[in-house]
Amino acid sequence: MPRIPTSELSRYLLAGQLSRRGCLRASRICLQPVANFQTRRFASVETQSTSVPPTPLRKQLKEQAKALKASGQKKKKNIDNQTVPGWELTVGIEIHAQLNTVRKLFSPATTSFNDSPNTHVALFDLAIPGSQPLFQPETLIPAVRAALALNCDIQRVSRFDRKHYFHWDQPSGYQITQYYEPFAKDGRIGLLARDGIAAEDGESIAVGIKQVQMEQDTAKTTAQPGEAHWLDFNRVGMPLIEIITLPEIHHPATAAALVRKVQMMLSAVDACVSGMEEGGLRADVNVSVRRVDDTSGKLGTRTEIKNLSSFKAVEDAIIAERDRQIAVLEAGGVVEGETRGWSIGSTETRRLRGKEGEVDYRYMPDPDLGPVVIDPQLVQRLASSSGVSPDVETDQLIEKYGLTAKDAISLLALDGGARVQYYYNVLDALSELGAETDAIVTILAANWCLHELGKLTEVSSDLGMTADGECKVPSRDLAALLHHLCRREITAKVAKELLWAIFRGEVAPGGVTEAIKDNNLWFNELSKAEYEALADRAVEGEDKVLGEFLRFADGKSKAYPRGKLMFLVGKMMRAGPEHRMDPTSAERVMSTRIDDIYLDALGNKQ
Amino acid sequence: MLTRRRLQALRLRHAQRSIPSRYQRRQINHFISKEADPVPPIPAQRTPFTLAVKDNITTKFSPATTTCASPFLADYNSPFEATIVQQLRDLGAVVTGKTNLDEFGMGSHSVHSAHGAVSQEKDGYSAGGSSGGSAVAVANGEVDLALGTDTGGSVRLPAAYCGVVGYKPSYGMLSRFGVVPYANSLDTVGLIAKGVGRIREVVVRRGLWEVEDGRDPTSLGRKARRRIAQGREGYGGEDVELEGVRLGLPVEYNIEELEGGVRDAWVKAAGRLEERGAKVVPVSLPTTRHALSAYYVIAPAEASSNLAKYDGVRYGRRSEGESDAAEGGVLYAASRGQGFGEEVKRRILLGSYTLSSEAMDNYFLKAQAVRRLVRRDFDRVFRLENPLQDEQETFDLSEMSEEIPMENKLGPAEVDFLLCPTAPTLAPKLEDVMGGQGVLDAYMNDVFAVPASLAGLPAVSVPMLVEGEERMAGLQLIGQYWDDARLLGVAEAISEVLGGKR
């Protein structure tokens, strides 16, 4: 389901329709007499466009529905994008992930992110003449964990090789990698429909991992105005693993899903520091096409697209490159084996400058570095301590807590796995408070941990989430908030405002209940009689609307006029004191009174 | 720091190197930088001695430059000092200067230098290479000890040509940290002195052999050093008797190119040692004839990789005017083309080719296979086992050439050391080297030196008189891995017999 922008949603709600618990964006609207409402509505429209005349609600809804449909169609078109009739696409992926280590791969310099440039650099990192590589064995721990998560065979003996090419971001003129004898081979990664693979791939698909190798990162280049490039050697020599899949992927969405899943698996075993968003993961894709009726059994000439830094870029670049190759072949041309680049938002890949023209990396065993021998005991130890796999955990979140697959995967993916820990902490705190942790509560908690918490960072700094699942909104305080909300002791609106207050540090830790008490925020709901009085006022002069209900009661129309009901409830809500009203209660009262009183009255009138 | 003008002058000399000027021939030109006011050793109780350092070994001060005789590093100051220099300073060394060499250690006559060719003082003979400057400094009596590097004979050959002692240790014994690499898997730090005694003093008696350097990944671990030494003699520094020592004469070393005078001196020396109680037996090292080719595949391959960092951006100068960094072009080619000397460029090309995907299997891998066979040849003839091999290999007679007499195939061939010439000829005239000699002639000089390098074995060259010529050649003694202490002990005894300096 496409998400409706919250700005639109709030406009929709303020325009006279009901607000449902849990859907209204926290916004400061003070309750005012109905007379003032019109002006407020215009004001909110004005933020979109200054001269738009007020649109009738009905028309607005229709337009939105149309837009929704249009975007839905667009989505469908994307699915069609997964295949081109008559052609088969083949993709292999190389994923480079920064390992979660303290030191660089071959020097005792510490690893860092966004520290002052060129402050963590050892002699060898700069290839100072006479300096030598010193392998840091600790780097093996996250590397082996990652390879185990990808079901690889860990090799007892592996070696380091030099891969030669000239580039300014690589001081020695070669990168040390594991070409001939990588430390892990023959793995496999399973992808499920819920991971976002293309519909054509069905319920699940397994993609083979050819090998996983350790290697050095290069320096970071920052382009400056003019022709200048600045280099930050903090990154040079940082340990990476390169994960090479077999060319077994045939749909762009599946390729993106694979990269996303690898990221999730790596963070689940604590092998990597950060994901694609933070630059800790990069992907190169090898793309080739051949005609479906090609019986030679050979794949087409492949091109490599380097340095893709988002899941969307992976999918888009593959689609663009596939279409380019097909266009070239259909025009009678030949696809050149070359390296290409992709910029976010573009529609086609571009040829990159050749590093040495035809690149021959001249792989050579590094003569300074001995073989790496990994004790099988270490492998066993790491295998037994690696915890639950993301797939199993996703299943648990769906089955035990009733979450949707999408929410479950989002929870697992956010904050490098810390968000789901936070979620568990909130649930624990809720049961300590004596709350029933049934599906209603677990789903509500998940919504808040994902979406409400997410909104906080849309406009402000980050949550400050720690690995053990705590953040600027302490899990206990969110639990207390949700506990009150579940028991209808506060409204959703108040709860959301309180969440902001906690985030901003305006509520002392553990002081949620105090804050509600002090500010008199308890939900003091209208009595039934008061609701009824409001309902009576709302139906005044709405005989035409009530007529619809009569038609339904008489069997003249098949569908219950729910829209009309909501219209009346909305009127009720606007007329009454919102902070004392619950839309559900209002709806119940309105519905009952229509059936019991208004219809009779209307019948009598007619 | 060199001035720009001096830099230009260096470049010019480098470019004109192939045409030796009268000026150059008069100069012995063995120092690249000399310390006017050497820094005395800090521990005052040590007996100070003077030390010359080959200019591809980094020094941080006195002198501060490390040029590798390359224009790329003409004004290069290393931010750190090589371990071996520090160790020797701690033992009382006073560094008096940095010596001339073939650029990055690539050459056999010390002529491929940005600073011009080195020559021996008398009569303009080749000093040998690549540690020619160090050998001449010792031969002239200017320093007590000199550091060189030996990748395929670069310490032993100049020692032989200059009539001094040159020692190449077992691979992994002396730290390479701070040695600008030429071919890492072959590079060793070597020592040159007038007599074996001084070298033995430093390496064995003062315990350099024992010290592991954590900054050099190829430096043998402390425990391994001790363990291997337990199966070896001589690490106590005691005198070694020649009586009963078995010396093998490799029959394959009697090659066509071996000069008659050198051959006679070799045979005569063997005879004199036999008189002193040593047992001399012929042995066969069948892979010897392939060793030189293997060396000239492996070493340039590693060199081409090691020298990739010299690109004109961080080292040396960006060539002006010819920058072709535009679309599809390459940024470094012009700078590298101008910056390196001919011999270095030749080896980079050679190495780049043998590592290329089309040639890798036929050259680099074959050369590595030959390298293993060379090591196996040695293991077969030495009485001591090679501690680097997990299990003792068996040797198949059918693998040996039919020309080899049966008795040599089967043994008695287990020996303590191999005795052979260091080089097939006496030092040639520098004029001849720079004028007419081809590249392969120069490579040929390394033929007896490279097998020990390929196998990582210790070897020492001591001077021996070539009668008739009244000049000195080198007699080489090669030992099993980590048998350095006994090797130096026996070498000292042999020098005494041959009438050299202790």
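**A:Asn118.** I began by listing the contacts of A:Asn118 in this predicted model. Setting aside neighbours within four places in sequence, I found A:Asp232, A:Phe233 and A:Asn234 in contact with A:Asn118. I placed A:Asn118 in the loop between β1 (87-98) and α4 of chain A. Is A:Asn118 buried or exposed? I counted 15 other C-beta atoms within 10 Å, and because a residue needs 20 or more to be buried and 12 or fewer to be exposed, A:Asn118 is partly exposed. I also looked up the distance to A:Ile249, which lies 131 residues away along the chain. The C-alpha atoms of the two residues are separated by 39 Å.

**Sheet of chain A.** Next I traced the strand order. Nine strands of chain A form an open sheet with mixed pairing, in the order β2-β6-β7-β10-β1-β11-β12-β13-β14. Which strands stand at the edges? They are β2 and β14 (350-351) of chain A; each has a single partner strand, so one side of each is left without a neighbour in the sheet.

I then went through some of the pairings.

- β2 (residues 153-154) and β6 (residues 184-192) of chain A run antiparallel and are joined by two bridges. Here I noted A:Asp153 opposite A:Lys185 in β6(A).
- β6(A) is joined to β7 (residues 204-216) of chain A by eight bridges, again antiparallel. A:Ile189 stands opposite A:Val207 in β7(A).
- β12 (residues 303-308) and β13 (residues 339-341) of chain A pair in the parallel sense over two bridges. In this pair A:Glu304 stands opposite A:Thr339 in β13(A).

I checked what packs on this sheet. Helix α4 (residues 140-149) of chain A does, touching β2, β6, β7 and β10 (239-245) of chain A. The direction of α4(A) makes about 165° with that of β7(A).

**Helix pair in chain A.** I looked up α15 (residues 528-539) and α17 (residues 562-575) of chain A. Their axes come within 9 Å and cross at roughly 120°. I recorded the crossing as right-handed. From α15(A) the contact uses A:Leu534, A:Ala535, A:Arg537, A:Ala538 and A:Val539, and from α17(A) it uses A:Leu568, A:Lys571, A:Met572 and A:Ala575. By class, I get seven nonpolar residues, no polar ones and two charged ones in this contact.

**Chain A with chain B.** How many residues does each chain bring to the contact? Chain A gives 27 and chain B gives 31. On the side of chain A that touches chain B, I find 14 nonpolar, seven polar and six charged residues. The predictor gives the complex an ipTM of 0.89 and a pTM of 0.77.

**Chain B overall.** I count 17 helices and eleven strands in chain B. Of its 502 residues, 55% are buried. Of the contacts in chain B with a separation of 6 or more, 78% are between residues 24 or more positions apart. The average pLDDT of chain B is 87, and 86% of the residues score at least 70. I marked residues 7-26 of chain B, where the pLDDT is below 50; beyond near neighbours in sequence, this stretch has 28 contacts in the model. Where pLDDT is low, the predicted coordinates should not be read in detail.

**Sheet of chain B.** Eleven strands form an open sheet with mixed pairing, and I read the order as β1-β3-β2-β4-β6-β5-β10-β11-β9-β7-β8 (chain B). At the edges stand β1 (31-34) and β8 (279-283) of chain B, each with a single partner strand, so one side of each has no neighbour in the sheet. On average, neighbouring strands of this sheet are turned by 30° against each other, direction ignored.

I followed β10 (residues 459-466) and β11 (residues 471-479) of chain B, which pair in the antiparallel sense over eight bridges. The bridge partner of B:Met464 in β11(B) is B:Ala473. Helix α4 (residues 132-139) of chain B lies across several strands, including β1, β4 (145-150) and β6 (188-193), and runs at about 155° to β4(B).

**B:Leu191.** Last, I looked at B:Leu191, which lies in strand β6 of chain B. B:Leu191 counts as buried because it has 31 C-beta neighbours inside 10 Å. Leaving aside neighbours within four places in sequence, its contacts are B:Leu145, B:Leu147, B:Tyr167, B:Ile199 and B:Val202. I also noted B:Met360, 169 residues from B:Leu191 along the chain, with 34 Å between the C-alpha atoms.

How values were computed
Residues are numbered from 1 along each chain as its sequence is written. Chains are lettered from A and ligands numbered from 1 in the order in which they are written. This is a predicted model: local features need pLDDT of at least 70, side-chain atom pairs count only at pLDDT 80 or more; totals for chains, interfaces and linings use all residues. Two strands pair if DSSP finds at least two bridges between them. Helices (H or I, at least four residues) and strands (E, at least two) are DSSP runs, numbered from the N terminus. Axes are lines fitted to C-alpha atoms, for helices over the stretch in contact, and angles run from 0 to 180 degrees between N-to-C directions. Two residues are in contact if their C-beta atoms, placed from the backbone, lie within 7 Å. pLDDT is the predictor's confidence in each residue, from 0 to 100. Ala, Val, Leu, Ile, Met, Phe, Trp, Tyr, Cys and Pro count as nonpolar, Asp, Glu, Lys and Arg as charged, and the others, Gly among them, as polar. A crossing is left-handed if the near helix is turned anticlockwise from the far one by less than a right angle, and right-handed if clockwise.
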